[in-house]
Amino acid sequence: MASITRIPGGQWRCQIRRKGYPTQGRNFNSRADAIAWGQTVEADINRGRFAVPDKATQDMTITALLGRYLLEESSRKASASDDKQRAETIKRVLGGFGVTELTAAHLSHYKRSRLAVRAPQTVTHELNLLHRAYVVGVNEWGLVLPQGIPCTGRPKLPPGRNRRVRPHEVRGLLACTGSRELAAIVLLAVETAMRRGEILGMRWEHINLLRCSVLLPHTKNGDARTVPLSTAAVAVLQPLQRDSGPVFSLTPRCASQAFKRAVDRAGLFDLHFHDLRHEATSRLFEKGLNVIEVARITGHKSLAMLNRYAHLDVSGLVEKLAAAS
């Protein structure tokens, strides 16, 4: 039977003792919450749905939870390096909490404090990572959470960027970078609509210049795809050609830093590397490719995302309307 007692500090403790089950206890800020939790646990025991928790798992901290998730789950994903950085941010603030102690209120406070210094999309990625770790903990590691996985609403995201990259801006980037590799990477991004990580991960074993294509075995969404290479993209790769190995030696961090320096030197405003992919995708639509064809090239699975990218040049639409009339 559940017993509710007041403890020092103003909290309420609910403790449940039942023959054949380990003693369960948890602290709450209100007596009503303690009673509700006790009733939920006792109901699960009565229905045979109560799982006896593993002590090592139950005693994990958020730091340990994220560490195990990164090692066992995230390491197999293309987002592994990003997940590692996000986990470090979460651990600095929430790492000391036990997995069963973290509440929605804690997450809400974390969200508000992060939104004061970071963009909503960044905070959403962090919250999603922690949630995924909890889900794996419950489904795969035997983590028992009588109150469920702690949750908070995700921040409202701003409208997607619609920054177009004009030809003179691309020329400015090429003129202002001292890196031969970055120049090739920029041109490939504009010509192929590949992501930064996909370009940097290219290997010569997967490139067929005769067939004008490159195989990407590992992509952001987890599916392999083959990307067609335009004449300009083939011209970029031919001088670099080797039998095997990676095409580029730059790491993602170094490529981003070199790109930012080139943007600053060229005097360009509000230009991000991902804008090159946006520009390339918009150009594919302007060349007359349909949604399915563009999705095969870019790897987008969502039509909504493609609509966001496809900010077509109005003059092209005017020509089509004139031709149809």
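Select E198 first: in this predicted model, E198 is buried, since its relative accessibility is 6% and burial is assigned under 20%. Add R195 to the selection; R195 forms a salt bridge with E198, and the closest N and O atoms are 2.6 Å apart. R195 likewise counts as buried, at 14% relative accessibility.

Next, select R164, E279, R283 and E286. Salt bridges with shared partners join these four residues into one network. A search of the whole structure finds 14 salt bridges, and two further examples lie on the route below. Side chains of opposite charge can pair when their charged atoms come close.

Now display helix 4 (residues 80-94) together with helix 6 (residues 120-140). How do the axes of helix 4 and helix 6 cross? They come within 9 Å and cross at roughly 85 degrees, which makes helix 4 roughly perpendicular to helix 6. To see the contact, show D83, R86, A87, T89, I90 and L94 on helix 4, then H125, E126, L129, L130 and R132 on helix 6.

Within that contact, keep R132 and D83 in view. Their side chains meet in a salt bridge, with an N to O distance of 3.5 Å. Because R132 lies in helix 6 and D83 in helix 4, the pair ties together parts that are 49 residues apart in sequence. Is each partner buried or partly exposed? D83 is buried, with a relative accessible area of 0%, whereas R132 counts as partly exposed at 31% relative accessibility.

Remain on helix 6 and select E126, then add R114. E126 forms a salt bridge with R114, in which the closest N and O atoms are 2.6 Å apart. This pair links distant parts of the chain: E126 belongs to helix 6 and R114 to helix 5 (residues 104-115), 12 residues apart. E126 is buried at 3% relative accessibility, and R114 is also buried, with a relative accessible area of 13%. E126 is thus a residue to view in two settings: as a member of the contact between helix 4 and helix 6, and as the salt-bridge partner of R114.

Finally, turn to the surface and select V291, I292 and L303. Together these residues make a nonpolar surface patch of about 280 Å². I292 is located in helix 13 (residues 291-298). Is I292 buried or exposed? I292 counts as exposed, because its relative accessibility is 64% and the exposed class lies over 50%.

Definitions and conventions:
Residues numbered from 1 in each chain as written. Predicted model: local features only at pLDDT ≥ 70, side-chain atom pairs only at ≥ 80, totals over all residues. Heavy atoms only, no water. Patch = residues over 30% accessible without salt bridge, like charges linked within 9 Å, V, L, I, M, F, W, Y side chains within 5 Å. Areas by Shrake-Rupley, 256 points an atom, 1.4 Å probe, with all protein chains shown as cover. Helix = DSSP H or I, 4+ residues; strand = E, 2+ residues; numbered from the N terminus. Buried < 20%, exposed > 50% of the residue type's maximum accessible area, 1.4 Å probe, protein only. Axes fitted to C-alpha atoms, helices over the stretch in contact; angles between N-to-C directions. Parallel < 35°, antiparallel > 145°, perpendicular 65-115°, else oblique. Contact = heavy atoms within 4.5 Å.
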